[in-house]
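Trainee: I have a structure to learn today. Can we go through it step by step?

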Amino acid sequence: MRLTRILLTILLASCQTRERALEGVWRTDSIRNFVNGFSFTNNAFDEHWSTFEYGADGVMTERKKEKFKTYRYQLPTADSLVYTDSTGHRLSGFQIVKLSDEHLILKKAQKPYLPGKNQELYEVRFFTKIHAASTAGSQ
């Protein structure tokens, strides 16, 4: 029983640390799509790419030009990120491949295009954290 509490405490602390590391503004660097052995990487930044601002209050704001959308976010485990709407309905989920002070890598499984087994489709998004000193000239 005591070991279970210790492990739970460690797990909760790990998730809280990850949440703090996620807080801030992240710029999309590239998006890689993998479809059944073929891959394509889009790293040509343009005005259609969003920035993502994760707040300490569990709200993520996606900004694209003058438009923005807000979502709730959660880290149910140390390696997963979930977006929900205001009612708690799950909208999207990602595997956190890497989360550091500078870089975030998210992976999301995609639904197969064709019927049948043995299909592997996923998207990997690469982000760089935008620090307050660099935001004045970048956006």
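Mentor: Yes. The model is predicted. T51 belongs to strand β3, which covers residues 51-54.

Trainee: Is T51 buried or exposed?

Mentor: Look at the relative accessible area of T51, which is 9%. The cut-off for buried is under 20%. Because 9% falls under that cut-off, T51 is buried.

Trainee: Which residue stands opposite T51 in β4?

Mentor: Strand β4 spans residues 59-64, and it runs antiparallel to β3, with four bridges joining the two. One residue lies 12 places from T51 along the chain, yet the two C-alpha atoms are separated by 5.3 Å. That residue stands opposite T51 in β4: R63.

Trainee: Which residue takes a positive phi in the hairpin of β3 and β4?

Mentor: This hairpin has four residues between the strands. The phi in question is near 85°. The residue that takes it is G58.

Trainee: What is the bridge partner of V25 in β3?

Mentor: Strand β1 covers residues 24-35. Four bridges join β1 to β3, and these strands run antiparallel. In β3, V25 has as its bridge partner E53.

Trainee: How many residues does the largest nonpolar core have?

Mentor: Those with the most contacts inside this core are L22, Y54, Y73, L81, Y83 and L104. Strands β3, β5 (67-77), β6 (80-84), β7 (90-99) and β8 each supply at least two of the core's residues. The number of residues in the core is 16.

Trainee: Which residues is Y54 in contact with, leaving aside neighbours within four places in sequence?

Mentor: Y54 is among the residues with the most contacts inside the core. Set its sequence neighbours within four places aside. The contacts of Y54 are then L22, E23, G24, W26, V59, M60, Y73, L81 and Y83.

Trainee: How many aromatic pairs does the structure hold?

Mentor: One of them joins F52 and F127, with ring centres 5.5 Å apart. The total number of aromatic pairs is six.

Trainee: Why is the pair of F52 and F127 called edge-to-face?

Mentor: F52 sits in strand β3 and F127 in strand β9 (residues 121-130), 75 residues apart, so the pair links distant parts of the chain. Both rings belong to buried residues, F52 at 7% relative accessibility and F127 at 3%. Planes over 60 degrees apart count as edge-to-face. The planes here are at 90°, so the pair is edge-to-face.

Trainee: What is the angle between the ring planes of Y83 and F94?

Mentor: Y83 is in strand β6 and F94 in strand β7, 11 residues apart. Both are buried, Y83 at a relative accessible area of 8% and F94 at 7%. Their ring centres are 5.6 Å apart, and the pair is edge-to-face. The angle between the planes is 65°.

Trainee: Which residues form one aromatic cluster?

Mentor: Two members are the residues just paired, Y83 and F94. The full cluster is Y54, Y71, Y73, Y83 and F94.

Trainee: Which residue lies over the face of F94?

Mentor: A comparable arrangement of charge and ring involves K107, whose charged end sits over the ring of Y122, 4.2 Å from its centre. For F94, the distance to the ring centre is 5.5 Å. The residue over the face of F94 is K108.

Trainee: Is K65 buried or exposed?

Mentor: K65 is placed in the loop between β4 and β5. Its phi is positive, about 55°, although K65 is not a glycine. The cut-off for exposed is over 50%. At 57% relative accessibility, K65 counts as exposed.

Trainee: What is the phi of N36?

Mentor: N36 lies in the loop between β1 and β2 (38-42). At 36% relative accessibility, N36 counts as partly exposed. N36 is not a glycine, yet its phi is positive, at about 50°.

Trainee: Where in the chain is confidence lowest?

Mentor: The chain averages a pLDDT of 82, and 80% of the residues score at least 70. Confidence is highest in strand β8 (residues 103-109), at 95. Where pLDDT is low, predicted coordinates should not be read in detail. The lowest mean, 51, belongs to helix α2 (residues 132-138).

Key:
Residues are numbered from 1 along each chain as its sequence is written. This is a predicted model: local features need pLDDT of at least 70, side-chain atom pairs count only at pLDDT 80 or more; totals for chains, interfaces and linings use all residues. Side-chain values use heavy atoms; hydrogens and water are left out. Buried means under 20% relative accessible area, exposed over 50%, partly exposed in between (1.4 Å probe, protein chains only). pLDDT is the predictor's confidence in each residue, from 0 to 100. A nonpolar core is a set of buried Ala, Val, Leu, Ile, Met, Phe, Trp, Tyr and Cys residues joined through side-chain atoms within 4.5 Å. Contact means heavy atoms within 4.5 Å. Rings of Phe, Tyr and Trp (its six-membered ring) pair if their centres lie within 6.5 Å; planes under 30 degrees apart count as stacked, over 60 as edge-to-face and the rest as tilted. A charge sits over a ring if NZ of Lys or CZ of Arg is within 6 Å of the ring centre and within 35 degrees of the ring normal. Two strands pair if DSSP finds at least two bridges between them.
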